[in-house]
Amino acid sequence: HITVIVPFLPLAEIDEQARAAIRQIVRAIEPFEVRFTHTARFPTVLYLDPEPADVFRTFTSAITATWPKLRPYAGSHKDPIPHLTVTTSRSGSLLRRVATAVEPLLPVSARVDAAQVYRFDGRRWTELEAFSLGSGADTQRA
């Protein structure tokens, strides 16, 4: 997955009004193809760089415009970089070995046709709800 914003709203605030706002945001973005052609790194993260990346930034901007108190990564990154995490480690050599194993498998592409809201219970992430992208889409996926 590619994180659009974290942290999101507390579970108690994801009511029907919030769901309606999410639906409005995702309807404005038509389904699209994303392609991953190379790996990239943060200090302790190996990730795949999505192309196009701007559509993910559009999602983030729409969410922060709707809920101004939300800031990606609690405001710790002024301009967050959309990414698909492959692995995390403090070991640079491990990150290099994983990159060497992954890069021959690229490019990889996928169709993005929904956005999911996840909740974190302190131990694991679970999907709360999925919302189909685009103006012609169903309002939510089962």
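**Aromatic pairs, a nonpolar core and two cis bonds**

In this predicted model, the count of aromatic pairs comes to four. One of them joins Phe120 and Trp125, whose rings are tilted, with 4.7 Å from centre to centre and 35° between the planes. The arrangement counts as tilted because the angle between the planes is neither under 30 degrees, as in a stacked pair, nor over 60, as in an edge-to-face pair. Phe120 has a relative accessibility of 43% and therefore counts as partly exposed, since that class lies between the limits of 20% and 50%.

The interior comes next. The largest nonpolar core contains 28 residues, and those with the most contacts inside it are Phe8, Phe32, Trp67 and Leu133. Helix α1, strand β1 (32-42), helix α2 and strand β5 (114-120) each supply at least two residues of this core. The greatest share comes from α1, which gives five residues.

Phe8 offers a way into this core. Apart from neighbours within four places in sequence, Phe8 is in contact with Ile14, Ile22, Ile63, Trp67, Leu70 and Val117. Leu70, one of these partners, is found in the loop between α2 and β3 (84-88). Is Leu70 buried or exposed? Leu70 is buried, because its relative accessible area is 7% and the limit for a buried residue is under 20%. Although Leu70 and Phe8 are 62 residues apart in sequence, their C-alpha atoms are 6.8 Å apart in space. With neighbours within four places again left aside, the contacts of Leu70 are Ile5, Pro7, Phe8, Leu9, Ile63 and Thr64.

The two helices α1 and α2 also meet each other. Helix α1 covers residues 16-27 and helix α2 covers residues 54-66; they pack at an angle of about 145°, and their axes are 10 Å apart. Their crossing is right-handed. On the α1 side the contact involves Ala21, Ile25 and Val26, and on the α2 side Phe59, Ala62, Ile63 and Thr66. Of the residues in this contact, six are nonpolar, one is polar and none is charged.

The loop between α1 and β1 contains Pro31. Pro31 is partly exposed, because its relative accessible area of 26% falls between the 20% and 50% limits. The C-alpha atom of Pro31 is separated by 7.1 Å from that of Arg111, a residue 80 places away along the chain. Not counting residues up to four places away in sequence, Pro31 touches Arg111, Val112, Asp113, Leu133 and Gly134. Among these, Leu133 was named above for its contacts inside the core.

Two other prolines draw attention to the backbone. Most peptide bonds are trans. Which form does the bond from Leu106 to Pro107 take? That bond is cis, with omega near 10°, and Pro107 is found in the loop between α3 (92-102) and β4 (108-112). A cis peptide bond also joins Glu51 and Pro52, where omega is about 5°. Pro52 lies in the loop between β2 (45-51) and α2.

The last stop is strand β3, in which Thr85 lies. Thr85 counts as partly exposed because its relative accessibility is 40%. Leaving aside neighbours within four places in sequence, Thr85 is in contact with Val45, Leu46 and Tyr47. The C-alpha atoms of Thr85 and Phe42 are separated by 10.0 Å, and the two residues are 43 residues apart along the chain.

Technical notes: Residues numbered from 1 in each chain as written. Predicted model: local features only at pLDDT ≥ 70, side-chain atom pairs only at ≥ 80, totals over all residues. Heavy atoms only, no water. Axes fitted to C-alpha atoms, helices over the stretch in contact; angles between N-to-C directions. Helix = DSSP H or I, 4+ residues; strand = E, 2+ residues; numbered from the N terminus. Left-handed = near helix turned anticlockwise from the far one by under 90°. Contact = heavy atoms within 4.5 Å. Nonpolar A, V, L, I, M, F, W, Y, C, P; charged D, E, K, R; others polar. Core = buried A, V, L, I, M, F, W, Y, C linked by side-chain atoms within 4.5 Å. Buried < 20%, exposed > 50% of the residue type's maximum accessible area, 1.4 Å probe, protein only. Phe/Tyr/Trp six-rings, centres within 6.5 Å; stacked < 30°, edge-to-face > 60°.
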